[in-house]
Amino acid sequence: MDAYLGAITTGDETWLNQKFVHTAEPFKDNGDGTGAYALYKILYDAVAQGLIEEDYTTTDWEGCKGMINNGEIGAMVLGSWAIAQMKAAGENPDDIGYMPFPITVGGQQYTTAGPDYCFGINVNATDDNKAAAMTFVKFMVEESGWCDFEGGYPISKTAPTSFVFDGVNVVTNVTALTGEEDIMNEMNAESELSFNAGGDAKIQAIVEAAATGSQSFEDIMADWTAKWNAAQEELGVEVSY
């Protein structure tokens, strides 16, 4: 779920890496279905309403591909790289669709595009090998169609693609301000919330609380806010928003 923080839920490309750490109440209810509160509430509500699998403590990656292809799973939260795998897992490839995360900001929907695996060229290679490598990379990026086949959003505007989100703004979460590159890591460690840093424990806690009714969503968000504010104070992070 952390992957959808930022521009997708706020419409602001600077929020995640520049404003988040300086925000006093990043988990408050904005009242309009946006922001971090709305993002994690979707998960909490889905669990509380019994819309997930009965066993939420285990996973079966290979098995789930055939299940969604055959209609045994209604929806999954995945990157576009998974589309080809889901289509190939059964006899119903045309039943597999893809949609942006269901949050609207001011009447607009947003999705982020980011790199997967990358090509590298050895700086110590001979000039001939460098030229050959550049030719290969240029072909793969601009002509091969590989990115499209794998469900990716091509980096080249001239590359062939069938991946289109009509009416959806494709954005990128911009990097941290100069001199603040480490603050998010420090806040994650101090608060123990670990956003975009393997923070599965807090996600599992939401699922368990919703499934058992042991804690309300509002109480969870209040707890996160307290931890966030304590981390800001401990680290001397200026609160500007």
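Modeller: Helices here are DSSP runs of H or I with at least four residues, and strands are runs of E with at least two, numbered from the N terminus. On that basis the protein chain of this predicted model has 10 helices and 2 strands, and from the N terminus on its elements run α-α-α-α-α-β-α-α-β-α-α-α.

Colleague: What makes the stretch that holds T111 a strand?

Modeller: T111 is placed in β1, which covers residues 109–112, and a run of E counts as a strand once it has at least two residues, so the stretch qualifies under the definition.

Colleague: Is T111 buried or exposed, and how do you know that?

Modeller: The relative accessible area of T111 is 15%, and buried means under 20%, so T111 is called buried. Leaving aside neighbours within four places in sequence, T111 is in contact with I8, F165, V168, N169, V170 and V171.

Colleague: Where does A159 lie, and what makes A159 buried?

Modeller: A159 sits in the loop between α7 and β2, the latter spanning 168–171. Its relative accessibility is 9%, and since the limit for a buried residue is under 20%, A159 is called buried although placed in a loop. Not counting residues up to four places away in sequence, A159 touches V141, E142 and P154, while E192, 33 residues apart from A159 in sequence, is 42 Å apart in space, C-alpha to C-alpha.

Colleague: Why is the pair K41 and D45 called a salt bridge?

Modeller: The term asks for a side-chain nitrogen of Lys or Arg within 4 Å of a carboxyl oxygen of Asp or Glu, and the side chains of K41 and D45 meet at 3.0 Å, N to O, so the pair satisfies the criterion. In general, side chains of opposite charge can pair when their charged atoms come close. As for their placement, K41 and D45 are 4 residues apart in helix α3 (residues 35–48), which separates them by about one helical turn.

Colleague: Why are K41 and D45 given their accessibility class?

Modeller: The partly exposed class lies between the limits of 20% and 50%; K41 has a relative accessible area of 23%, and D45 has 23% as well, so each is called partly exposed.

Colleague: How do you know that E142 and K138 form a salt bridge, and where do they lie?

Modeller: Their closest N and O atoms are 3.0 Å apart, which is within the 4 Å that the definition allows. Both residues belong to helix α6 (residues 127–142), 4 residues apart, about one turn of the helix. With relative accessibilities of 27% for E142 and 48% for K138, both count as partly exposed.

Colleague: What makes K227 and D223 a salt bridge?

Modeller: The N to O distance between their side chains is 3.4 Å, and the cut-off is 4 Å, so the pair counts. K227 and D223 are 4 residues apart in helix α10 (residues 217–235), about one helical turn, and they are partly exposed at 34% for K227 and 33% for D223. A search of the whole structure finds 6 salt bridges.

Colleague: What makes a set of residues a nonpolar core, and which residues have the most contacts inside the largest one?

Modeller: The term needs buried nonpolar residues joined through side-chain atoms within 4.5 Å. The largest such core has 39 residues, and those with the most contacts inside it are L5, F20, F27, Y40, F195, W224 and W228. The largest share of this core, 8 residues, comes from α3. Apart from it lies another core of 6 residues, among them C64, I68, A82 and M86.

Colleague: Which residues does L5 touch?

Modeller: Not counting residues up to four places away in sequence, L5 touches W15, L16, F20, A36, L39, Y40, N173 and F195.

Colleague: How is the lining of the second largest pocket divided by class?

Modeller: The lining has 8 nonpolar, 3 polar and 3 charged residues. Of its 14 residues, I83, K87, G151, S162 and F163 lie nearest the centre of the pocket; Gly counts as polar, so G151 belongs to that class, and Lys counts as charged, so K87 belongs there. The largest share of the lining, 3 residues, comes from α5, and about 230 Å³ of space lies in this pocket.

Definitions and conventions. Residues numbered from 1 in each chain as written. Predicted model: local features only at pLDDT ≥ 70, side-chain atom pairs only at ≥ 80, totals over all residues. Heavy atoms only, no water. 1 Å grid on protein atoms, 1.4 Å probe; cavity = no way out; pocket = protein on both sides within 12 Å on 5 of 7 lines; lining within 4 Å. Points joined across faces, edges and corners; volume = space filled by probe spheres on them. Buried < 20%, exposed > 50% of the residue type's maximum accessible area, 1.4 Å probe, protein only. Contact = heavy atoms within 4.5 Å.
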